[in-house]
Amino acid sequence: MAELTQEELNQRVAILKKFKTLLEQQRGKFKEYLEVLEKQQDSISSENSEALIAHTELEQQVVKNIANLQKVIVPMSKMYNDSAAQDSAETESITKIQNELNDLQEKVLKQNQINRDLLRVHIENIRTQIQNFKNPYSNRNNVYSAKKPVAQLVEVEA
């Protein structure tokens, strides 16, 4: 095995630090996303449409941030994996962060499914209410619904 130069060692350490920082940022974003989803569930349950809209907009921003971070993490992960000399303590901390990310991702997916199911039930209830809504004027005689003869031809004189 060839000896590493100080420059190569410094480069690997820099990659490792940057990768760890990105993973920590992504972990923070996933925690934020999970909190938004939990608050969104409360808004769905309480039928607070304004709060639900605000949480949905916030959710879109957080998802966009996660996607942007992921674009940087993927190549950084490849660079990290390509650098053969990986400090065992640092590798262990990165593995721990990656495991936390996987757990958070599972929680986010479960919470997202719960929210979708709640919304689906809520929308179905609203549809049922609309279908059961009866027009109180449907069987009444009024000036607008009276059957009166209507002229078929109009004579115009000039």
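**Exercises: how the helices pack**

In this predicted model, helix α1 (residues 6–45) packs against helix α2 (residues 49–82) at an angle of about 160 degrees, with their axes 9 Å apart. Local features need pLDDT of at least 70 and side-chain atom pairs 80 or more, while totals for chains, interfaces and linings use all residues. Residues are numbered from 1 along each chain as its sequence is written, and side-chain values use heavy atoms, leaving out hydrogens and water.

**Exercise 1.** Work out how α1 and α2 are oriented to each other.

*Solution.* Start with the angle, about 160 degrees. Angles over 145 degrees count as roughly antiparallel. So α1 and α2 are roughly antiparallel to each other. The residues of their contact divide into 22 nonpolar, 9 polar and 5 charged.

**Exercise 2.** Find which helix gives the most to the largest nonpolar core.

*Solution.* Take the core itself: it has 20 residues, and among those touching the most other members are Phe-19, Phe-30 and Tyr-80. (Such a core is a set of buried Ala, Val, Leu, Ile, Met, Phe, Trp, Tyr and Cys residues joined through side-chain atoms within 4.5 Å.) Next, α1, α2 and α3 (88–132) each supply at least two residues. The winner is α1, with 9 residues.

**Exercise 3.** Is Ser-43 buried or exposed, and what is it in contact with?

*Solution.* First, place Ser-43: it's in helix α1. Its relative accessible area is 5%, so Ser-43 is buried (buried means under 20%, exposed over 50%, with a 1.4 Å probe and protein chains only). Then, leaving aside neighbours within four places in sequence, Ser-43 is in contact with Asn-48, Ala-51, Leu-52 and His-55 (contact means heavy atoms within 4.5 Å).

Definitions and conventions: Axes fitted to C-alpha atoms, helices over the stretch in contact; angles between N-to-C directions. Helix = DSSP H or I, 4+ residues; strand = E, 2+ residues; numbered from the N terminus. Parallel < 35°, antiparallel > 145°, perpendicular 65-115°, else oblique. Nonpolar A, V, L, I, M, F, W, Y, C, P; charged D, E, K, R; others polar.
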